[in-house]
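Student: I would like a close look at a single part of this model. Please take me through the empty space inside.

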Amino acid sequence: MRVLLIGANGYIGRFVADRLLADPAVQLTALGRGDDADVRFDLATGSPGALTRFLDAVHPGVVINCAGAIRGGARELTRHNTVAVATICEALRRSGCGARLVQIGCSSEYGPSQPGSSTAEDAVPRPGGPYGVSKLAATELVLGSGLDAVVLRVFSPAGPGTPAGSPLGRLAEAMRRAMQSGDGELKLGGLGVQRDFVDVRDVARAVHAASLSAAQGVINIGSGRAVRLRDAAAVLARVAGYGGALHELDAPPGPLRSAIGHPRADSDHASAVAYPYPDGCGSWQQADVRTARDRLGWRPRINLEESLADIWMEAACRI
């Protein structure tokens, strides 16, 4: 099976590449903006016609898109998350390769959800920020393309390679610095939010399964269990061997704002989360993962403690 992987150097894309390379039945070609890609192509600026010619030459059976931007202004996010996907869809429509498309979406497309609830694929998306809007627009382009396509809405990925700028990455870095300086107390803000963490290696397994399946539409990829960031911090402290006290701040000073979250504006309602998780999804998110089980035969295998241990191992190497 010929597979074209777009975004193989990204956080999720690296693990998808490893998973596919381990399958002897897969012939993998990586397309991206970096020098180490098999083929260099910028989806945000390249034409659908140029991509069509490449697809007709390579003739992949599956195209997997792990590329995109998670930071930046609305214009940059739209270019890399929406325009890029429009280019892929148009090129696939023009091409004679008939490839299946596996698009990596995200839980930010859903926006805030009711605490205690599990979000299923039929939930009405209400993204709470430009990132979620740009990814939702990409999903709508894929679903309306008429292609053989599936969108995997990945909840909060964790594990090795977790970006240092992510909440779990910042949490590990704050703990590393506390241990390095001998601080017996770690003060953090924004630990009340609850998120559905799923190991990035399990995400790669889901992408592999989706590429082999006939499933279409949207499929959630998560653990099916919301975890409070405060509890994740306690687990991280245990695997790191940090014996100090963890204290949650009511109003963290400026330097701690970027450590875990961002303080709410004074104009926010009193019931709003004090330090919202920077994904526009409010205080709670939990996936309903029954569709992934039923249509992909997929279940998460790696627990959060193992994911956090791997995050800590990478952070500790920076000491």
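Student: What volume does the largest cavity have?

Tutor: About 50 Å³ is the volume of the largest cavity. Keep in mind that this is a predicted model. A search of the whole structure finds one cavity of 30 Å³ or more. Two elements give two or more residues each to its lining: α5 (167–181) and α10 (304–316). The most comes from α10, which supplies three residues. Now for the names. The lining includes T162, P163 and A164. G169 and A172 line the cavity too. So do I311, E314, A315 and R318. Sort them by character and you get five nonpolar, two polar and two charged residues. How is such a space found? Rolling a probe the size of a water molecule over the atoms shows where empty space is left.

Next, look beyond the cavity, at how enclosed some other parts are. Helix α6 (residues 200–212) has 13 residues. From first C-alpha to last it reaches 19 Å, close to the 18 Å expected at 1.5 Å a residue. Ten of those 13 residues are buried, so α6 is largely enclosed by the rest of the structure. Among the buried ones are V200, D202, R205 and H208.

Strand β10 (residues 217–221) is also largely enclosed by the rest of the structure, because four of its five residues are buried. Strand β6 (residues 149–154) runs parallel to β10, and five bridges join them. One pairing to find: V150 has G217 of β10 as its bridge partner.

For contrast, try a loop. A123 sits between β5 (100–106) and α4 (130–143). A123 is partly exposed, with a relative accessible area of 27%.

Technical notes: Residues are numbered from 1 along each chain as its sequence is written. This is a predicted model: local features need pLDDT of at least 70, side-chain atom pairs count only at pLDDT 80 or more; totals for chains, interfaces and linings use all residues. Side-chain values use heavy atoms; hydrogens and water are left out. Buried means under 20% relative accessible area, exposed over 50%, partly exposed in between (1.4 Å probe, protein chains only). Two strands pair if DSSP finds at least two bridges between them. The expected span of a helix is 1.5 Å times one less than its number of residues. On a 1 Å grid over the protein atoms alone, a cavity is a set of points where a 1.4 Å probe fits but cannot get out, and a pocket is an open set with protein on both sides within 12 Å along at least five of seven lines; lining residues have an atom within 4 Å of a point. Grid points are joined across faces, edges and corners, and a volume is the space filled by probe spheres set on the points. Ala, Val, Leu, Ile, Met, Phe, Trp, Tyr, Cys and Pro count as nonpolar, Asp, Glu, Lys and Arg as charged, and the others, Gly among them, as polar.
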